[in-house]
Amino acid sequence: MKRIVIALYTVLCLADAAAQARFTSNTERQDLGQIEWKHPVTAEFTVTNTGDQPLVLSDVEPDCACTVAQWTQTPIAPGQVGTVSVTFDAEALGHFRKSVAVFTNAEPHVVYLNLSGEVVAEIKDYARTHPYVIGQIRLDRDALDFPDAHHGERPVLRLDVVNQSGLPYEPVLMHLPPYIEAEARPAVLQPGERGQLVLTLDTEKLLDLGLTQTSVYLSRFSGDKVGEENELPFSAVLLPDFSALTEAERREAPAISLSADQVDMSETLARKRKAKADITVTNTGRSPLHISKLQVFHPAVGVQLKKTVLQPGESTRLRVTVTKRGIGRHRRHLRVLMITNDPARPKVEINLTAARRP
């Protein structure tokens, strides 16, 4: 009998040891390339909890005062994603290597993320820092996204622009919707000069919760017309505000859980014209879960949800399909969005992969 008790105790200890959070970063090192002197830059690391217990990022400590870090403060559920954002203030010229210690409840308890690059007085090679090209204009991004906005806020996004033409250039965004304001700083860029388009989202003018999408167009020269070549996709996600909930109300709230929020359809689409995947959606909370919005970011993606209201403990099926022919050039917008009344996860995204990277 004693041997049986000891054996059971050993099994329970091993099971407890196996159940733990796991810290997985999309990369442990980012090369920032050339950075302009006295112009702070931010690198973002994506952190995934690949374990089966909540992952807590308890502290993030840069190795010098020239680096400032921000990170996801709430526990990251198994399979979910958080971020560590590191801003480097380029005060000294020359090459640099910096590290940031991330303290977690996973094993090992400390993980080091690294930054490297070169601080220069003037950037001359913009291929790395501004990889997107429209005509003779280089940009640091190819889409304009406001991912987490609340009613009444006015979030700001900056689009970095470099004039590589031989003439003065006025950055202008055409077909701006009424909920976006844009200002060019400076108003005119001389040949080789860098500037910004500062975009402000007026959430008071968004008509509904969830995803709002459109396209705006960057002028390449005076009198330019709109077309696919100068198109910039725009998206904004307006979220419900649960900040007024009490702790008691949060404890009794619904909670959404997905069987997967990353779906790779590459192999199927390599052989077929259409791929599909079924995802189980479960309410693990204590009150009814309402899925008020189910939207896609790309016309090649289709969704079918059997039920939009789930009682505690109830599950339903979400079917996602991707049509190969309609994917086009904006593959990174293959996402599904759900807006829920779960105060911990009012926005749920499912990311889809449609082509393997070389």
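Which residues lie nearest the centre of the second largest pocket? Keep that in mind as you open the viewer; the tour comes back to it at the end.

**Stop 1: Colour by confidence**

This is a predicted model, and colouring by pLDDT is a good way to begin. The protein chain averages 87, and 93% of the residues score at least 70. Now select helix H1, residues 2-18: confidence in the protein chain is lowest here, with a mean of 48. For the other end of the scale, jump to strand S23, residues 309-310, where confidence is highest, at 97. Go back to H1 and narrow the selection to residues 5-16. The pLDDT is below 50 over this stretch, and beyond near neighbours in sequence the stretch has 0 contacts in the model. Where pLDDT is low, the predicted coordinates should not be read in detail.

**Stop 2: A sheet of four strands**

Next, show strands S2, S8, S7 and S4. In that order they make up an open sheet of 4 strands with mixed pairing. Strands of a sheet pair through backbone hydrogen bonds, either parallel or antiparallel. Look at the two edges: S2 (29-36) and S4 each have a single partner strand, so one side of each is left without a neighbour in the sheet. As you turn the view, follow the twist, which averages 20° from one strand to the next.

Walk across the sheet from S2. Its pairing with S8 is parallel, over 6 bridges. Select Glu-36 to see one of the contacts between these strands: its bridge partner in S8 is Val-120.

Move on to S8 (residues 110-120) and S7, which pair in the antiparallel sense over 10 bridges. Here you can pick out Phe-103, whose bridge partner in S8 is Val-110. At the far edge, S7 (residues 94-104) runs antiparallel to S4 (residues 57-62), and 5 bridges join the two. Glu-61 is a handy residue to click on, as it stands opposite Ala-101 in S7.

**Stop 3: The loop between S7 and S8**

Stay with S7 and S8 and zoom in on what connects them. The two strands form a hairpin, with 5 residues between them. Select Pro-108, which has its place in this loop. A cis peptide bond joins Glu-107 and Pro-108, with omega at about -5°.

**Stop 4: A sheet of five strands**

Now show S9, S10, S12, S15 and S14. They form an open sheet of 5 strands in that order, and the pairing is antiparallel. The edge strands are S9 (132-134) and S14, each of which pairs on one side only. In this sheet the twist averages 30° from one strand to the next.

Zoom in on S14 and S15, which run antiparallel and are joined by 6 bridges. Select Arg-185 and look across to Gln-196, which stands opposite in S15. Arg-185 deserves a second click, too: a cis peptide bond joins it to Pro-186, with omega at about -5°. Pro-186 itself is found in the loop between S14 (180-185) and S15 (194-201).

One more click before leaving this area: His-175, in the loop between strand S13 (173-174) and S14. Its phi is near 60°, a positive value in a residue other than glycine.

**Stop 5: The second largest pocket**

Rolling a probe the size of a water molecule over the atoms shows where empty space is left. To find the pocket from the opening question, select Ala-255, Ile-256, Thr-284, Asp-342 and Arg-345: among the 18 residues that line the second largest pocket, these lie nearest its centre. Helix H2 (247-251) and strand S18 (256-258) are the elements that give two or more residues to its lining. S18 gives the most, with 3 residues.

Try colouring the lining by residue type. The lining of the second largest pocket divides into 9 nonpolar, 4 polar and 5 charged residues. The space inside this pocket comes to about 330 Å³.

Note on methods
Residues are numbered from 1 along each chain as its sequence is written. This is a predicted model: local features need pLDDT of at least 70, side-chain atom pairs count only at pLDDT 80 or more; totals for chains, interfaces and linings use all residues. Side-chain values use heavy atoms; hydrogens and water are left out. Two strands pair if DSSP finds at least two bridges between them. On a 1 Å grid over the protein atoms alone, a cavity is a set of points where a 1.4 Å probe fits but cannot get out, and a pocket is an open set with protein on both sides within 12 Å along at least five of seven lines; lining residues have an atom within 4 Å of a point. Grid points are joined across faces, edges and corners, and a volume is the space filled by probe spheres set on the points. Ala, Val, Leu, Ile, Met, Phe, Trp, Tyr, Cys and Pro count as nonpolar, Asp, Glu, Lys and Arg as charged, and the others, Gly among them, as polar. Axes are lines fitted to C-alpha atoms, for helices over the stretch in contact, and angles run from 0 to 180 degrees between N-to-C directions. pLDDT is the predictor's confidence in each residue, from 0 to 100. Contact means heavy atoms within 4.5 Å.
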